[in-house]
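Visitor: Could you take me through one part of this protein at close range, and place that part within the whole as you go?

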Amino acid sequence: MPIFDKSAFAMLGLAVLLSGAALRPAPAQDGRNVTAAIVDRWMSELTNWGRWGKQDQMGAVNLITAAKRKQAASLVKDGVSVSLARNTETAKAPDNDSPFVHTMTSTGKSPLEGFYSMDLIQVSYHGWAHTHMDSLCHMFYKGKMYNGYSQEDVTSKGATKLAVTNFKNRILSRGILMDIPKLKGVPYLEPGTAIYPEDLDAWEKKAGVKVGSGDIVLIRTGRWAARDAKGPWPISTKAAGLYVTCAKWLKARDAAVLGSDGASDVMPSGVAGVNQPIHQLGLIAMGMPIFDNLDLEAVSAEASKRQRWEFHLSVAPLAVTGGTGSPFNPIATF
């Protein structure tokens, strides 16, 4: 029977193990190398489908309970209200392919019936220019929308399921501003800057506020401050925003709604083959409406003045039958 040198044999085994490890892909460092396959897995792991019943069309807004609305109302101390809407952008620009159209149909020189001024407004609001809300029918994944509804429920006549009209009575909650430029000590984040869960944790610690169930989370990147300083740029290809791992953070906190001064996702997304993973996971898996292109400059100033980053937030989308979303004017009250 052959006689083996045990120490030499152990060293040989270690070498084999090490060589095998060298052949395997390195693990993601700091959760910053998420792949499309991981996003696909998270579509199941982070789902709220069925949580509020098979017929549910409200998604995470169900977390805004009567008690939550009472809590939000109790935050009103000063009675100071601030709009979170950007004034309409009527000029074509690198970040505005579809300018807001405002046409006067009768004026002071030619009033209707001698008494009335009147106008027509028109807007293709989805995109990167106009303050709006995305309803849960805004995005599809493998033929499905939130809670398993078919994308074929959105027809040429509008959305028969998950339309924005589901929310005309229910979005009033505690808003929490997460001011990431202030966290970093800069006026705005450079386009393309990714925000990670550790940044959200750091902001909570700095601001002394913790996101909880039913909250509306607002992410300030300083997008409009950057635009004012540098001019418009093609923000759809390069925008500061949340990296995909923040979706897990939001789900763990049971946030009801996500909003930002861009479109929430960092652009490029950092996930090959997935353009807007925060939108995908938020709208479709979690059933979390998304607020795009908010103007968070004034509310940031008011929050800074008070060193108070939570407030009553009321949201009233237009009751557009079959609408995939709506322009709107959210109001924060301190």
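**A close look at the rings, helix α6 and the loops around α9**

Guide: In this predicted model, the charged end of Arg32 sits over the ring of Tyr196, at 3.6 Å from its centre. Another arginine is placed over an aromatic ring as well: Arg306 lies over the face of Phe334, 5.0 Å from the ring centre.

From these charges over rings we can turn to rings that pair with each other, of which a search of the whole structure finds 5. One of these pairs joins Trp203 and Trp309, and because the ring centres are 4.9 Å apart while the planes meet at 80°, the pair is edge-to-face. Trp203 belongs to helix α5, which covers residues 197-207, whereas Trp309 lies in the loop between α9 (297-306) and β13 (310-314), so the pair ties together parts that are 106 residues apart in sequence. Both Trp203 and Trp309 are buried.

The loop that holds Trp309 also holds Gln307, placed between α9 and β13. Gln307 is exposed, with a relative accessible area of 56%, which puts it over the 50% cut-off for that class. Its C-alpha atom lies 7.6 Å from that of Ala207, although 100 residues separate Gln307 and Ala207 in sequence.

On the other side of α9 in the sequence, the loop that follows β12 (290-292) and leads to α9 contains Asp295. With a relative accessible area of 13%, Asp295 is buried, since the class takes in values under 20%. Once the neighbours within four places in sequence are set aside, Asp295 is in contact with Ser83, Leu84, Ala85, Arg86 and Trp224. Val76, by contrast, is 219 residues from Asp295 along the chain, and the C-alpha atoms of Asp295 and Val76 are separated by 21 Å.

Trp224, one of the contacts of Asp295, leads us to helix α6, which runs over residues 223-230 and has Arg223, Trp224, Ala225, Ala226 and Arg227 as its buried residues. These buried residues of α6 pack against α9 and against β9 (216-220). Just after α6 comes Gly231, which takes a positive phi of about 90°.

Two of the buried residues of α6, Trp224 and Arg227, are also in contact with Glu89, whose contacts beyond four places in sequence further include Asn96, Pro99, Phe100, Ala129 and His130. Glu89 itself lies in the loop between β1 (81-83) and β2 (101-106), and its relative accessibility of 14% means that Glu89 counts as buried. Trp224 is thus a shared partner: Asp295, in the loop before α9, touches Trp224, and Glu89 has Trp224 among its contacts too.

To place this part within the whole, the protein has 9 helices and 15 strands, and its C-alpha trace spans about 115 × 45 × 45 Å along the principal axes. Of the contacts with a separation of 6 or more, 78% are made by residues 24 or more positions apart. Buried residues make up 48% of the 334 residues, while the area that the protein exposes comes to about 16,100 Å², with 57% of it supplied by carbon and sulfur atoms. There are 36 positive and 30 negative side chains, and the centres of the two sets lie 5 Å apart.

Note on methods: Residues numbered from 1 in each chain as written. Predicted model: local features only at pLDDT ≥ 70, side-chain atom pairs only at ≥ 80, totals over all residues. Heavy atoms only, no water. Helix = DSSP H or I, 4+ residues; strand = E, 2+ residues; numbered from the N terminus. Buried < 20%, exposed > 50% of the residue type's maximum accessible area, 1.4 Å probe, protein only. Contact = heavy atoms within 4.5 Å. Areas by Shrake-Rupley, 256 points an atom, 1.4 Å probe, with all protein chains shown as cover. Lys, Arg positive; Asp, Glu negative; His and termini not counted. Charge placed at Lys NZ, Arg CZ, Asp CG, Glu CD. Phe/Tyr/Trp six-rings, centres within 6.5 Å; stacked < 30°, edge-to-face > 60°. Lys NZ or Arg CZ within 6 Å of the ring centre and 35° of its normal.
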